[in-house]
Amino acid sequence: MITQILRSRSLIHAANKLAPLSSARCLSTFDKHRSVFEALGLDKTNNKGVFDGDWKGSGPVVPSYNPVNNEVIAEVITGTTGDLNVAFEKVAEAQKIWRELPVPKRGHVLLTMRNALVENLQPLGKLVALEMGKILPEGIGEVQEYIDILEYALGLSRMLQGSVIPSERPGHAMLETWNPLGTVGIISAFNFPVAVYGWNCAIALVTGNGTVWKPAPTTSLVSIAVTRIIAKALKEHDLPPSLCALVTGGSDVGSAMAADKRAHVLSFTGSTNVGREVGKVVQGRFGRSILELGGNNALIVTDDCDLDLATRAILFAAVGTAGQRCTTTRRLIVQESVYDTLIERLKKAYQQVKVGDPLDQGVLCGPLHTKEAVEIYKTALHRVKQEGGEIIIGGKVIEDGPLKHGNFVEPTMTRVRPDMEVVQNESFVPILHTMTYKTLDEAIAINNNVAQGLSSSIFTSNPSTIFKWIGPSGSDCGIINVNIPTNGAEIGGAFGGEKETGGGRESGSDSWKQYCRRGTCTINYSGTLPLAQGINFG
Ligand code: NAD
């Protein structure tokens with residue numbers, strides 16, 4: 001078993017470019033939090049990472065790490081492309097039953113799922129904190145997002161509507177139908193190991209689809225726990241639990257899913273580099289993709305805003321989740337007359353941020369998810385200096401004291417010029433690049449002048465600034481906020497971004513339509529055959 005673990009470790013790490021393994025194969029995290037794992041049906045070893053109605057796994061055994069100390073938490077028997085193949089078949093069978101259920105009845109099943117998640121909110125939130133490394137309130141908050149979207153989908157189950165369109169022909173009716181596409185393949189990123197699946201799963205199910213989920217290889221335990229909860233809810237309604245399949249594994253499973261025609265919708269959340277390739281593959285087979293890729297989010301501080309409000313918002317947006325949210329504020333664009341005052345306040349706020357174990361009370365910044373992320377942090381700061389920028393607070397990897405075995409870094413602010421190359425790219429770590437502007441037009445141009453287009457925010461009390469910001473010459477992002485930070489989106493709105501963020505939309509508003517086949521139906525009840533456009537054909 002150990003040889004297999006070691007062999008498979010190198011395979012998976014090579015496939016996903018993960019951090020090297022810790023030499024200590026210590027499972028004390030498991031023992032310390034045994035009640036959490038037991039509540040969620042997880043074991044130290046032999047956790048099967050594939051579910052297609054039965055639990056199995058024919059791939060390598062992969063350890064999951066605690067980013068606080070890089071100890072192994074538990075081991076997962078992951079899946080292969082062969083497992084994926086079977087999962088697609090099983091989901092298709094189950095979906096034939098599911099799609100026939102009246103939509104409000106689908107809603108009842110979603111309600112059972114919602115209640116099951118509420119029951120498991122605490123242990124599941126804690127598992128997210130343990131495996132991903134975000135602080136406990138954020139781990140719980142993420143499970144809450146899944147609960148919220150299930151409630152939203154329950155509401156949709158009474159409201160999914162198509163249009164009735166006036167027909168130009170006498171004795172004809174025209175209407176739109178929205179039917180399921182079939183199977184939604186979901187590939188998710190490490191940083192939201194519950195919510196991203198939740199957003200997709202809830203909306204895919206209410207619209208009559210089944211799902212196959214390929215989670216990030218470093219958050220397999222969370223995905224197993226979630227799948228167990230959902231499967232139990234399906235069973236309670238005598239429905240085939242294979243409707244929501246899981247195949248853990250590396251990029252080989254992900255790329256096989258992207259290429260598979262049976263993933264009628266492929267919802268991919270992850271980096272722009274991988275998403276760009278996934279998007280091409282899905283387009284090449286004329287599948288439908290929803291791409292939720294990297295961001296490079298800016299927050300503009302004007303000279304007429306409430307600076308206290310802005311300071312609190314910036315701290316949460318830049319330091320929360322240790323900078324590992326797609327919507328983290330990465331660029332702070334400040335009107336030059338208030339720059340010094342704001343930075344002084346931010347410095348004080350940064351000094352009070354407690355970095356530490358995400359399960360400890362009072363900790364606001366947990367570890368980075370992997371050792372590789374620590375290298376990304378170091379490289380980004382090196383480049384800031386190389387390109388003529390300076391570090392104004394933070395800037396160090398924590399290598400001494402009780403945190404020295406984990407992936408801890410100091411939340412950091414830099415002073416840069418907006419055109420510096422390091423500022424153009426997303427580094428998925430807690431580094432906030434600060435810069436100044438003179439005019440509003442200049443600030444908006446800086447906001448828009450990057451390849452990514454996910455989230456953006458302005459702090460102002462001037463109504464004309466607000467309307468310019470949300471108008472045609474304003475922010476070019478998918479999320480455009482005023483007096484709130486760039487992160488922390490609500491599930492009721494459509495979530496996603498433009499340009500290299502991929503253009504996808506998930507969650508609320510009319511995002512559900514992407515999971516559907518739209519039918520334009522014209523029904524002739526006239527008994528004659530009048531043709532459209534007034535054509536007389538013989
Ligand atoms: P990643 O791109 O490394 O991995 C994402 C997923 O893709 C994982 O499940 C991975 O195993 C899989 N994968 C890797 N190679 C693949 C391939 N060739 N084909 C198919 N799948 C493959 O991203 P990550 O490091 O897990 O997550 C961080 C990134 O995700 C950041 O860029 C962040 O901005 C982005 N993100 C975006 C959103 C959004 O909604 N826009 C949300 C969360 C995260």
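Here a biologist and a modeller talk through a few features of this predicted model.

Biologist: Let's begin at the surface. Why is Leu-529 called exposed?

Modeller: Exposed means over 50% relative accessible area. Leu-529 has 68% relative accessibility, so Leu-529 counts as exposed. You will find Leu-529 in the segment after β24 (516-524).

Biologist: Which residues make a nonpolar surface patch with Leu-529?

Modeller: Leu-531, Ile-535 and Phe-537 join Leu-529 there, and the patch covers about 470 Å².

Biologist: Now to Lys-499, in strand β22 (residues 498-499). Why is Lys-499 called partly exposed?

Modeller: Buried means under 20% and exposed over 50%, with partly exposed in between. The relative accessible area of Lys-499 is 37%, so Lys-499 is partly exposed. Its phi is near 55 degrees, a positive value in a residue other than glycine.

Biologist: And what makes Ser-509 partly exposed?

Modeller: Ser-509 has 40% relative accessibility, and therefore counts as partly exposed. Ser-509 sits in the loop between β23 (506-507) and β24. Phi of Ser-509 is also positive, near 55 degrees.

Biologist: What is the volume of the second largest pocket, and which residues are closest to its centre?

Modeller: The volume is about 290 Å³. Of 18 lining residues, Lys-32, Asn-66, Val-68, Asn-69 and Asp-357 are the closest to the centre.

Biologist: How do the residues of that lining divide?

Modeller: Seven are nonpolar, seven polar and four charged. Helix α2 (28-32) and helix α6 (121-132) each supply at least two residues of the lining, and α2 gives the largest share, three residues.

Methods:
Residues numbered from 1 in each chain as written. Predicted model: local features only at pLDDT ≥ 70, side-chain atom pairs only at ≥ 80, totals over all residues. Heavy atoms only, no water. Patch = residues over 30% accessible without salt bridge, like charges linked within 9 Å, V, L, I, M, F, W, Y side chains within 5 Å. Areas by Shrake-Rupley, 256 points an atom, 1.4 Å probe, with all protein chains shown as cover. Salt bridge = Lys/Arg side-chain N within 4 Å of Asp/Glu carboxyl O. Helix = DSSP H or I, 4+ residues; strand = E, 2+ residues; numbered from the N terminus. Buried < 20%, exposed > 50% of the residue type's maximum accessible area, 1.4 Å probe, protein only. 1 Å grid on protein atoms, 1.4 Å probe; cavity = no way out; pocket = protein on both sides within 12 Å on 5 of 7 lines; lining within 4 Å. Points joined across faces, edges and corners; volume = space filled by probe spheres on them. Nonpolar A, V, L, I, M, F, W, Y, C, P; charged D, E, K, R; others polar.
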